[in-house]
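I wanted to know how the sheet and the nonpolar cores are put together here. My notes follow the display.

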Amino acid sequence: MKPLVRNAALSSYMELSESLGVDPHALMKCVGLDPVGLAVQDRWISGTAVTDLLELSAVAARREEFGLLLAARRRFSNLGPISLVLREEPDVRSALQLLIRHERMCNEMMRSRLTEADGLATVKVSLELGEARRARQAIELAVGAFHGFLRVFLGARWRPVSVCFTHGAPRDATAHRRYFGPVVEFGREFNGLIVHATALDTPNTMSDPLLRGYARQYFESIVVTSETTELDRVRELIEVLLPTGRCSIEQVAGSLGIDRRTVHRHLAASGETFSSLVNATRAQLAEQLVANPRRSLTEISGLLGFSAPSAFSRWFRDRFGVSAREWRTRRAAGPVPN
């Protein structure tokens, strides 16, 4: 199956794009992503779509350092629930090892490795996209995010020994030197960071020993319950594809890197069909969207993947027993009967 990433991978994407004079909505629709869905950080979306989006955005903005600019806007909390545990690790090495060990909780296409030798520690970063495609911006975002992660613990004045990229240098490397310092190198054999191993021994000043046990206990519970099933992945992709008008089993199968018969088999094992899952997902989203009076019913029709508002109206009445407009009015007045 093709890898997925959390929406948090695009945290601040809309703001950065608009600040550079780029229309983020248009570009997201080009790669089949829903701009509205970005508000939910923990929702999973296509990793290859995110990779393509970053490349298109760099071209549209005429900024070769687009991925790096996005990395500079990342916050520690963008890591999601694991950030609560990382804050309580006793030192930088422990926090970094924990992040790498559980990186698939945030990004299924990320592959990172920490090695130490001769007083130096190397963090190598790669992306497994399942197919050949340009990924310069996604790589720079990933390496920049690791750099930002270490600066949270080591301070804003800390600098790595070297920052390495396999791709060639940009026409203007000013932004890279500003972010990483004068240690950035292009055309190297790997993507990642080289740091003094002693820096990883630095105690974590944010850590509270009394909270560490509670944080670990909480983390162990979510690691067990956060395993993504095939049904979850199909449901997430349906939610992503509905607004594009291209929500078909062929499209879902293609995004997962499998054929449609395999999708049918996975769904059948859970007692579902593709149609039943689309219908259930639409119903769940419809309740949320129709309850919001700021959204027009025509707009909602498009977000739910209907070809025309009339088709949405018929579906809604069949599903809920009343028109969408009447449902909204009743909801505003009090609980709506099922």
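**Sheet and cores**

I began with one cross-strand pair: C164 faces G192, which belongs to β7. Note to self: this is a predicted model.

Next I looked up how those two strands are linked. Strand β5 (residues 162–165) and strand β7 (residues 192–196) run antiparallel, with three bridges between them.

Then I pulled back to the whole sheet. I found an open sheet of five strands, ordered β3-β4-β7-β5-β6, with mixed pairing. Which strands stand at the edges? They are β3 (110–117) and β6 (184–186); each has a single partner strand, so one side of each has no neighbour in the sheet. From one strand to the next, I get an average twist of 15°.

On to the helices. Helix α6 (residues 92–101) crosses β3 and β4 (120–127), and its direction is at about 145° to β3. I also checked α7, which packs on the sheet and touches β3, β4, β5, β6 and β7. The direction of α7 makes about 145° with that of β4.

Last, I went through the cores. The largest nonpolar core has 69 residues, and the members touching the most others are L10, Y13, L33, L86, L96, F149 and L150. Which helix gives the most to this core? Helix α7 (residues 136–154) does, with ten residues.

I picked L86 for a closer look. Leaving out residues up to four places away in sequence, L86 touches F76, L79, A95, L98, L99, F149, F153 and N204. Apart from the core of L86 there is another one, of 35 residues, including V234, A253, A283 and A286.

Technical notes. Residues are numbered from 1 along each chain as its sequence is written. This is a predicted model: local features need pLDDT of at least 70, side-chain atom pairs count only at pLDDT 80 or more; totals for chains, interfaces and linings use all residues. Side-chain values use heavy atoms; hydrogens and water are left out. A nonpolar core is a set of buried Ala, Val, Leu, Ile, Met, Phe, Trp, Tyr and Cys residues joined through side-chain atoms within 4.5 Å. Buried means under 20% relative accessible area, exposed over 50%, partly exposed in between (1.4 Å probe, protein chains only). Helices (H or I, at least four residues) and strands (E, at least two) are DSSP runs, numbered from the N terminus. Contact means heavy atoms within 4.5 Å. Two strands pair if DSSP finds at least two bridges between them. Axes are lines fitted to C-alpha atoms, for helices over the stretch in contact, and angles run from 0 to 180 degrees between N-to-C directions.
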